[in-house]
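Hi,

Here is the structure I promised to pass along. Have a look at it first, and then read on for what turned up when I went through the charged side chains.

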Amino acid sequence: MLPKPVAVLEPNTFEYERLPLVKPTGFREYDARWLFGAELNLMGVQALGLGLATLLHEMGVKPRLATGHDFRSYSASIKQALMCGLMAGGVEVVDIGLALSPMAYFAQFALDCPAVAMVTASHNDNGWTGVKMGAQRPVTFGPDEMGRLRDIVLEGRFQSRSGGGYEYVENFGRIYLDDLASGKKLNRKLKVVAACGNGTAGAFAPQLLERLGCEMVPLDVTPDYTFPRYNPNPEDMAMLHAMAAKVRETGADVGLGFDGDGDRCGVVDNHGDEIFADKIGVMLARDLSKLHRGATFVVDVKSTGLFASDPVLKAHGVKADYWKTGHSHIKRRVNELNALAGFEKSGHFFFNTPVGRGYDDGLLTAVHVLEMLDRNPDKSMADLYADLPMTWGSPTMSPHCADEVKYGVVDKVIARFEAMQAAGDRIIGQNIESLVTVNGVRVTVEDGTWGLVRASSNKPELVVVIESPASKENLYAMFKAVDAVLRENPEVGAYNQTI
């Protein structure tokens, strides 16, 4: 039996090799994320695997699990340690090798694996690692399962069992791409920039685009786990700007960018203008709701208000459900409501039956974007974007805030805005129209301008997003007002990017 994990260990010591290191804050709302080495060692990963095996048996799930790893210098080693723990706990491990997160989710269906554990730090910077887990396809763990897993691991409540085993599936990427490309062929010849940030998607996305009949323009598809140009994150302006430059240089019809584990997709139009993912969601909702009238779409609270106000969506009988940010939360909500799709501003898109299996897949998102262009042969990506009602929006902005205090800070921000509303205080010269507190706080004033503050589920940060349907001036004014409330809390640090 493994020793009980400890929260702090000094590297380059005998204790570091004898004991599992697992920092408690790595167990987040729906993922597990740590700085490898400083917050988690390989023995700690082994403890995580044994804890997950214990939880699967506790849940009564058949102990057969699909796993893969993303393209980082240390991910394969972490997966090996995780599998050791899983097999010691009596789990039959099905290894698909180097993979995207949606490949692992697909493996649950294709290889009859009730459970999944994908080793990935997603879009986090180098140094981070983590595991995305689930046991009820197509959804992944939420706060309840993550809380139980945390308790099992940190308290050392492991249960070793016989029956564990290992199976390696060769060329599973080909099976995944076959499924994505099946029955799909574009009538319109499209030139597409494929931006992969030197990460995992470079092994799969270019092949898919070529199989669909696109003229594929590669951008940073060569593997390099130092990520020399920028972190593979299509929500990061550095990646979007690189995509935009390549689109202008090559005269491409669209630029598609994929994050480090391929479950997100970012888009640049044919003019080289970045389109934030929530607006792409509105465009896709317009297109899909022509074929599926009265559809329900789940959107996260960071997303544009157009899902509720767009006249085209209203005419198609669309129902918009604003829900908690986070791939696990949106996946579950899509499943609960039997929604046609779910959209997050971060670029996680969830296409449900009959247009998907309910999980987030950046490559499937790319397929839907290209099919939208194919169904509108007389319009460019920029034309489809211009058809939307005008709003002014910010990128996702993240001021630093330690994991140990960030939720408390958000609680104080919520209380501050609630007090302002109760007192009749005005923001940017307008009354507070509503406060949505399903996930942080989204404060909206009379002209529809809104600002959101929430705690990041993955990093020691807060998340701030602003939008105004009225003017660019009101966008900046709302950001100034929201930031002023944040600065009442000294725990809030500098932003990663601002408007």
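Let me start with Asp287, which is buried, as its relative accessible area is only 5% and the cut-off for buried is under 20%. Keep in mind that this is a predicted model.

So what does Asp287 pair with? Its side chain meets that of Arg375 in a salt bridge, at 2.6 Å from N to O. Asp287 sits in helix 9 and Arg375 in helix 13 (residues 362-375), so this pair ties together parts of the chain that are 88 residues apart in sequence. Arg375 is not hidden to that degree: its relative accessibility is 36%, so it counts as partly exposed.

Since helix 13 has come up, a bit more on it. Most of this helix is covered, with 13 of its 14 residues buried. Its length works out too: at 1.5 Å a residue, the 14 residues should span 20 Å, and the C-alpha atoms at its ends are indeed 20 Å apart. At the N-terminal end, Asp361 acts as a cap, with a side-chain oxygen 2.9 Å from the backbone nitrogen of Leu363.

Helix 9 has another acidic residue to look at. Asp278 forms a salt bridge with Lys345, and the closest N and O atoms are 3.7 Å apart. Asp278 lies in helix 9 (residues 277-291), while Lys345 is in the loop between strand 14 (341-343) and strand 15 (349-351), so the pair joins parts that are 67 residues apart in sequence. Are these two partners buried or exposed? Asp278 is buried, at 4% relative accessible area, and Lys345 counts as buried as well, at 6%.

Then there is a pair between two strands. Glu167 makes a salt bridge with Arg64, again with 3.7 Å between the closest N and O atoms. This one links distant parts of the chain: Glu167 is in strand 6 (residues 165-168) and Arg64 in strand 2 (residues 64-69), 103 residues apart. Arg64 is buried, with a relative accessible area of 12%, whereas Glu167 counts as partly exposed at 31%.

Not every salt bridge stands alone, by the way: Glu235, Asp259, Arg264 and Lys302 are linked in a network of them. And how many salt bridges are there in total? The count comes to 36, so the pairs above are just some to begin with when you open the model.

Cheers

Methods. Residues are numbered from 1 along each chain as its sequence is written. This is a predicted model: local features need pLDDT of at least 70, side-chain atom pairs count only at pLDDT 80 or more; totals for chains, interfaces and linings use all residues. Side-chain values use heavy atoms; hydrogens and water are left out. A salt bridge is a side-chain nitrogen of Lys or Arg within 4 Å of a carboxyl oxygen of Asp or Glu. Helices (H or I, at least four residues) and strands (E, at least two) are DSSP runs, numbered from the N terminus. Buried means under 20% relative accessible area, exposed over 50%, partly exposed in between (1.4 Å probe, protein chains only). The expected span of a helix is 1.5 Å times one less than its number of residues. A polar contact is a pair of N or O atoms within 3.5 Å; within protein, one must be able to donate a hydrogen and the other to accept it, and residues adjacent in sequence count only if both atoms are side-chain atoms.
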